Each structure stands twice: as structure tokens, then as C-alpha cells.
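Work through the exercises below with the structure open beside you. Try each task before reading its solution.

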Protein chains: 2
Amino acid sequence: LRRIIVKVRDGGYPIYIGSGILEKFPAVCEKHGIRSHVVIITDRIVAGIYLDGLVGIMRDAGFRPDVIIIPPGESQKSISRVARIYTELIKMKLRRDETIIALGGGVIGDLAGFVAATYLRGVNLVYVPTTLLAQVDSSIGGKVAINHKFGKNLIGAFYRPVFIFSDIETLKTLPRRELICGLGEVVKYGIIMKKDILDIIEDRDVPSGDNLKIYRKLVEHSANVKSYVVSRDERERKYRMILNFGHTIGHGIEASLNYKKLKHGEAILIGILAESFISVKRGVLPKVDFERIKKIILKISKEIPHKEFDKNSILKHIYLDKKIMNQRLNMFLPVRIGMMRFFDDISFRELSMAIDYIKEVFF
Amino acid sequence: LRRIIVKVRDGGYPIYIGSGILEKFPAVCEKHGIRSHVVIITDRIVAGIYLDGLVGIMRDAGFRPDVIIIPPGESQKSISRVARIYTELIKMKLRRDETIIALGGGVIGDLAGFVAATYLRGVNLVYVPTTLLAQVDSSIGGKVAINHKFGKNLIGAFYRPVFIFSDIETLKTLPRRELICGLGEVVKYGIIMKKDILDIIEDRDVPSGDNLKIYRKLVEHSANVKSYVVSRDERERKYRMILNFGHTIGHGIEASLNYKKLKHGEAILIGILAESFISVKRGVLPKVDFERIKKIILKISKEIPHKEFDKNSILKHIYLDKKIMNQRLNMFLPVRIGMMRFFDDISFRELSMAIDYIKEVFF
């Protein structure tokens, strides 16, 4: 059971990482003062695999777990779903000093986290992430959110969990496409700060969930990078924007496909390559580093199903909400693998060329 | 322009208090780094009195104020209203570094505060309270909330404003019944910590909104008491419960009348007398202090319209959510005017006798 602390102003919270560690969960809860009554929020798919195990272990240890099971999918991150969960929590008499356990991937984490942040002005929150993406990214950093019909994650809060409990064994049953999504963020951490990550991925049979040892290493490295960034800038003043690497163009791609066809992590993988292209074209990133990034991205992303991009639509979504279409953008770009620099003058033309490039590479 | 600082962990925020100070508002905004684009949230009644003035002053100073006007009343503190405000804010393109100004009483403060806490994971919040209750109580302390059909303020957050701006002149147009409500909390502050408040009220023509100088003093004293308590215990671990004096029985009365007939502050006034009765009966509070409290409460509350109490219903609401009807309750009680002590053994019988007492006094 490895422990990484996310140090933040006025406190901090630990991430526990290990393989096959579920049985240790009740003891960790007790250590953190979690009281008897807890409510586990999860989705139907995750429930089918882990819920009975978790509930049984909790009961055996003297906890009194209630359960809320919702349908899977991003559409659950809605105000109406949140309202219905509030009602269930009140009926379950969840009190202010009791705890919500978010068991699942990013959607469950964001949704249950938002509920925990706002029910009775905030109850205890514990993350048990069951996807690679949630283990390396969404459970760490204190952001919770739901969607609005006009945009994703527009409603939310900064809210810290009591702790995060990442059991790598949950990745064994994860669909291959979900693994690829998580690897998008993992590669990002490698490029922005931790060269070791790229070394591991380059030489191994990744994406494959068989070798849990490799994933344990990747999750640990990734959690370290994200913790470090969040420790320096929890509220996203500026430095935390480094985590947006790959996301400006990645989000544009996702949005241009109406959030269908491509998953978030898949779009981010392509976005990373596109933004690295901007950097190498500027003469900022050495060509040898760019070629290495490209090789790794192509290896992971070769199974991504849909690669048809509408350049104008992508550009439109990137510039949405900005007043001037030609306005220069802010962006951290790699200057070599493991090191980033902030730029405030990314032009429309550079973005346009980067999208041309990925259209070429992925066809 | 008097300034009181609410000192809290990791920061603080000022309360500006003065009479006829609206014209200074833009300069105070600028001093606190408020950007050009702001959204004022207010209700129809307050809008009719103050909105044009505020908007004009803001525009003249170079700000770009948008306005959201909602109907008045507690029923607006709903999830559906919050959802509609989110939509308006998105259409107004309010950005993360911009500001929501809550112009109005407690309902507007709670509602606009909750929106500010959750829109884009939190935007700047400024309170311009226009009722005595909001100036002395609800705008101070960082609590924001909306209601759920199963109970009041069940959904909420702790969220700090950038500053609070209390113009005493707004009290001139306040209905007399609203003044009485605010005085409930003011008297509470006097009993728990600031004897001066009772001296002022005892000798003056209160409740009457004519003498703004008196109200300015009362608001300053009250803001000082509340700031002090919040500084010591922002998250309501224990000490902040001192502010619940009068509220255990007061809430029971309100709830037993289904939140109709009596206003919150009116119920609190009666609750203060009832809880002081428990204290004097215990031999904890000197009789002379109790008589003084009684005299002041009766003076203020003589205009309260409805005084019919159903003891069993009140007791039921007090014990709602507790498992055992006879469970002993926690409560701060006065040991003399200006000093409180914590008790964890308030019995059903004491509550019952206290309600008998107020039934007798108010009939």
C-alpha cells in the first residue's frame, strides 16, 4: 500500500495505491475517522463487478453502507440527477459528519463529489476510482463538477476528499478502450514532467491490462505528477494550466464530434500530438523528442476507431467564447520531454497547421 | 465607512458599514480587484427601490453590470431557480474571474451565494445586504444554501465573499416586520456577547427605522460579534453553535407553523426567551438578567401577529431526525447577559416547560 500525499494549503489528503487492496479499505476508513454510516454512489456497470465485494467487506468491519446506483454515462452528470440523489441521501438520513464513497470512474467521481460538496454544506468524500483515467486524473486535485446543457463541467466546486483509494486490480476488468483513455493522461504526465513514464510505455505491451505491475508503476508516477502540480496551484491560477497540455486541441476535437465517436482520453492523445507539433514547428521542442512522442502516441492510439476531423469545426470550438477569432491563446508547450514552458502567443495559423498535421497522420 | 474584518484561516474579508455610502461602492469594488463585468442578482421588490441607483453608479464608474431579477420569497431558494440562473449567467458570458453581486435580503444572499459558489467552480461574490437580518447575520460567515422539499438549507456550501457592503440607509424603506426580524438576531448577539446592544435597545424607540444612527451602532456591534464567532470556528465544529442560541426552539416554532404565519426572526425572538427560561430554571442564569431579557423581548415582539403554539408539534420538530424522543440535546445557554456556557444535557422536560412558559407569556 503506497501512499502519496497531495499537499495543499491548510492541509492535504493521501492517495493510497496498491494491487488487490480492497480488504484494507475499512481499516483505512477507520484510520481517517470515517463513521459507521456511509453511502456508496456507483453506476450499474461498476456495481455489477465490485459493489458486493465492497459492501461485504464494509459490513464485516462494522460499517453500515447504504448504496445509490445510477445508470452509467456522462449524461448522468446533470442537475436533475443531483436533485434525485439529494432526495435519496435525505431519506437515508446521511448526516453532516458521515461519508459519501464514490465508487467508479470519472463520471461517478465528478457527480458524487459535487453532491458531497453541496449536501448539508459538505460531507466527507472518499474516492475509490475504478478506471485508469479516474486513478491518474479525475480523482486527484479537488475538482468536482456536473454538466449544463450549454457545456461540460460548467457547474462545480473545489472540494477535497478525505482520501483516494486506488486498487490497480480494478483495471483487470477495464475495457481496452477505457485503458487507452487513461493512457492519454499518463503520456501527458510523462511529457510534462516525468520521462520515466515514456520509458515504461515505449518498451512494454501497452495498452494491455494484463500486466498490473506496469500499471501500478504508471499510476504511481502519474499520481505523483498530478499531486505535485495541484500542490503548487490547487485553484488553477496559472501553473495548474500545465495539465491542460493536449486539451486545447483535444477538447476542440471532442466538441467538434459532439462528444460522440471519440472518448475524452482518445481526443486528448491526438491533442497531445497536435500541440507537440506546434512546439516542434516553433523550433522550441527538439525534433528527436517530437518523434519519440509521435511514436508513442501512434502506438497507443492505433486502435482509436474514428479519426475523421472537421478542421473548421474544431477551430470554431477552440475559439468559442472568445470574442476575436484571431486572438492569440495561452498554452504550456514542451521544450523537451519532461519540461514545459508557458506561451501566450499561440496563433490561429499554428492551430490550423497542427490540425492539418494530425489529419494527415491519422489517415 | 467603518470596516470590520472577518478573519478566517488562510485569509479574511471585510464588512463595510456606513450610512448613505452607495456612491462609494464602485471604488470599493476596484480596490478589491473586481473586474468590469458583474452580474447583480436581486428580487423585484429590492430592484424597485435600489437597482437603478446601483446600476447607474456602476455604469458611471466604468463597470458593465448585467442584472438578474427574480420574484421575492423563500420559495426561490430552489434547485430549479438555481438551474435557471446558471443558464442566464452562461448567456451573459460571466467568466471565472468576474463577479456576482447579491443585492437584497437573506434569500437573495443565500441563493446568489450558492450560485456564485458553484458556477464555473466559483466566481467572486459581493454581498450588498438590504435588510437588517442580512446585514447582521446571513451575509456574514460564509454559509450559502438553497432549500430541498424535505427541509430548509439542506443544499449548500461554505463560500467566502470578497467583501460585504452594508448601507444602513437601506433600512429606511424596510417594512417594520422585517426590522423586528433583524432585531431578533441583534438581541441574540447582545445576550451571547455584547451587553451594550441591550443597553441601546432598552432605552430607545426600537423597533423603528427612523433613527439610522442607532441602527448603525447595532449593525456594527452585531457584525463584530458574528465576525468574532466565525473567526474562531468558520466550519461550525462546535463554538459557532453559540449562534444557535434561540434557534433550537425558534426553529421548532417556525416548523410547527409550516414556515407560515411567523417569520424566522420573529420565531427566534420567542426562542431566545424560551431558551433563557431553561437557563434561569436551571439556576444558571440570574433572575435579574432573565427579567431584563424578557422585558426587551416583549417590547420588540409585541407586534408579532400570530402567537398560537402547538406544543406537541414544536417538540416533534425539535426532535425530528433524532432517533430517541427523549434524547438530551446540546445547547449554549446564557449564564449572564454577555456570557454563554455549553450544555449537553438539555432534557425533553425542560424543553416542554419552556414551551409552556412562552405559551403563557404570549397569550
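**Exercise 1. Find which residue of E6(B) is the bridge partner of Ala102(B).**

Solution. This is a predicted model.
Step 1: Find strand E5, residues 99-104 of chain B, and strand E6, residues 124-129 of chain B.
Step 2: The two strands run parallel and are joined by 6 bridges.
Step 3: Go to Ala102(B); its bridge partner in E6(B) is Tyr127(B).
Step 4: Repeat for Gly104(B), whose partner in E6(B) is Pro129(B).
Step 5: Check the cover of E6(B): 5 of its 6 residues are buried, so the strand is mostly covered. Buried here means under 20% relative accessible area.

**Exercise 2. Place these strands in their sheet, and state which strands form its edges.**

Solution.
Step 1: Trace the order in chain B: E1-E2-E9-E6-E5-E3-E4. These 7 strands form an open sheet with mixed pairing.
Step 2: Look for strands that pair on one side only. They are E1 (2-8) and E4 (64-70) of chain B, the edge strands.
Step 3: Follow the twist, which averages 20 degrees from one strand to the next.

**Exercise 3. Name the strands of chain B that helix H4 touches.**

Solution.
Step 1: Locate H4 at residues 106-118 of chain B.
Step 2: H4 packs on the sheet and touches E3 (37-43), E4, E5 and E6 of chain B.
Step 3: Compare directions: that of H4 makes about 170 degrees with that of E5(B).
Step 4: Now turn to helix H8, residues 212-232 of chain B. H8 lies across E1 and E2 (11-18) of chain B, and runs at about 15 degrees to E1(B).

**Exercise 4. Describe how helices H6 and H11 of chain B pack.**

Solution.
Step 1: Two packed helices are described by the angle and the distance between their axes.
Step 2: For H6 (residues 176-192) and H11 (residues 287-301) of chain B, the angle is about 170 degrees and the axes are 11 Å apart.
Step 3: Angles over 145 degrees count as roughly antiparallel. H6(B) is therefore roughly antiparallel to H11(B).
Step 4: List the contact residues. H6(B) brings Ile180(B), Leu183(B), Val187(B) and Ile191(B). H11(B) brings Ile293(B), Ile296(B), Ile297(B) and Ile300(B).
Step 5: Sort them by class: 8 nonpolar, no polar and no charged residues.

**Exercise 5. Work out how chains A and B are related.**

Solution.
Step 1: Lay chain B on chain A. A turn of 180 degrees with a shift of 0.0 Å along the axis does this, with an RMSD of 0.0 Å.
Step 2: The two copies are thus related as by a two-fold rotation axis.
Step 3: Find the residue of chain B that comes closest to that axis. It is Asp10(B), at 3.7 Å (C-alpha).
Step 4: Compare the interfaces. The copies meet through the same surface, because 100% of the interface residues of chain B are also interface residues in chain A.

**Exercise 6. Decide whether Asn258(A) is buried or exposed.**

Solution.
Step 1: Find Asn258(A) in the loop between H9 (247-256) and H10 (264-281) of chain A.
Step 2: Its relative accessibility is 52%, so Asn258(A) counts as exposed.
Step 3: Read its backbone: phi of Asn258(A) is near 60 degrees, a positive value. Most residues other than glycine have a negative phi.
Step 4: Asn153(B), in strand E8 (residues 151-158) of chain B, also has a positive phi, near 55 degrees. At 26% relative accessibility, Asn153(B) counts as partly exposed.

Terms used
Residues numbered from 1 in each chain as written. Chains lettered and ligands numbered in written order. Predicted model: local features only at pLDDT ≥ 70, side-chain atom pairs only at ≥ 80, totals over all residues. Heavy atoms only, no water. Axes fitted to C-alpha atoms, helices over the stretch in contact; angles between N-to-C directions. Helix = DSSP H or I, 4+ residues; strand = E, 2+ residues; numbered from the N terminus. Parallel < 35°, antiparallel > 145°, perpendicular 65-115°, else oblique. Contact = heavy atoms within 4.5 Å. Nonpolar A, V, L, I, M, F, W, Y, C, P; charged D, E, K, R; others polar. Pairing = 2+ DSSP bridges. Least-squares fit on C-alpha atoms with pLDDT ≥ 70 in both. Buried < 20%, exposed > 50% of the residue type's maximum accessible area, 1.4 Å probe, protein only.
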